[in-house]
Amino acid sequence: MITQKWVHNLDGFHAQSLEDQEGTIGRTKPDSVELEPKPATAHIARAVIEEDGEELEIYRRSTPYGTLAEHGLYFIAFSADPSRFTKMLARMFGLSGDGLHDHLTDFTHPVSGAFYFAPSLEALAGCLPSD
């Protein structure tokens, strides 16, 4: 499991043209339709990883937050394979060897994060005393 807190620069993001905002995310703004083709640096192009034609899925959820001074996102994700998080973050931050980074990171940055081990129900059941 991974948790992160991201702080957004919404003024910078909104200073872009609508076309650039959509290219940063990889979706149309009014109706959230995926752009085709997606820019290689769009968030959804960098955060979704495929290997051998299969998506390396993670279960992810996020919740926006905001104060008068700060706006951002709390992010949590689960995966049976923690290397998927490493691969996703490497692609987002330009560390995957292809020379590209997620342009959303030009407008948001993580300020905290943590990895946790969340055992499966089967693993927990194996820890219970057998009476």
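**Exercise 1. Locate S32 in this predicted model and describe its backbone and exposure.**

Step 1. S32 sits in the loop between α2 and α3.
Step 2. Its phi is near 60°, a positive value in a residue other than glycine.
Step 3. The relative accessibility of S32 is 41%. Buried means under 20% and exposed over 50%, so S32, at 41%, counts as partly exposed.

**Exercise 2. State where P37 lies and which peptide bond is cis.**

Step 1. P37 belongs to the loop between α2 and α3.
Step 2. The cis peptide bond joins E36 and P37. Omega there is about -5°.

**Exercise 3. Is T41 buried or exposed, and what does T41 touch?**

Step 1. T41 lies in the loop between α2 (18-25) and α3 (43-47).
Step 2. The relative accessibility of T41 is 18%. The cut-off for buried is under 20%, and T41 therefore counts as buried.
Step 3. Leaving out residues up to four places away in sequence, T41 touches T24, R46, L100, H101, D102 and H103.
Step 4. For L104, the separation from T41 is 63 residues in sequence and 8.4 Å in space, taken C-alpha to C-alpha.

**Exercise 4. Give the place, phi and exposure of D52.**

Step 1. D52 is in the loop between β2 (50-51) and β3 (54-55).
Step 2. Phi of D52 is near 55°, again a positive value in a residue other than glycine.
Step 3. With a relative accessible area of 81%, D52 is exposed, because exposed means over 50%.

**Exercise 5. Which residues line the largest cavity, and what is the volume of this cavity?**

Step 1. The count of cavities of 30 Å³ or more comes to one.
Step 2. The volume of the largest cavity is about 40 Å³.
Step 3. The lining consists of A47, I49, L56, I58, R60, R84 and M88.

**Exercise 6. Describe the protein as a whole, from its elements to its surface and charges.**

Step 1. There are five helices and six strands, in the sequence pattern β-α-α-α-β-β-β-β-α-β-α.
Step 2. The C-alpha trace spans about 65 × 45 × 30 Å along its principal axes.
Step 3. Of the 131 residues, 29% count as buried.
Step 4. Consider contacts between residues at least 6 apart in sequence: 55% of them join residues at least 24 apart.
Step 5. The protein exposes about 8700 Å², and carbon and sulfur atoms supply 57% of this area.
Step 6. The protein has 10 positive and 20 negative charges, whose mean positions are 2 Å apart.

How values were computed. Residues numbered from 1 in each chain as written. Predicted model: local features only at pLDDT ≥ 70, side-chain atom pairs only at ≥ 80, totals over all residues. Heavy atoms only, no water. Helix = DSSP H or I, 4+ residues; strand = E, 2+ residues; numbered from the N terminus. Buried < 20%, exposed > 50% of the residue type's maximum accessible area, 1.4 Å probe, protein only. Contact = heavy atoms within 4.5 Å. Areas by Shrake-Rupley, 256 points an atom, 1.4 Å probe, with all protein chains shown as cover. Lys, Arg positive; Asp, Glu negative; His and termini not counted. Charge placed at Lys NZ, Arg CZ, Asp CG, Glu CD. 1 Å grid on protein atoms, 1.4 Å probe; cavity = no way out; pocket = protein on both sides within 12 Å on 5 of 7 lines; lining within 4 Å. Points joined across faces, edges and corners; volume = space filled by probe spheres on them.
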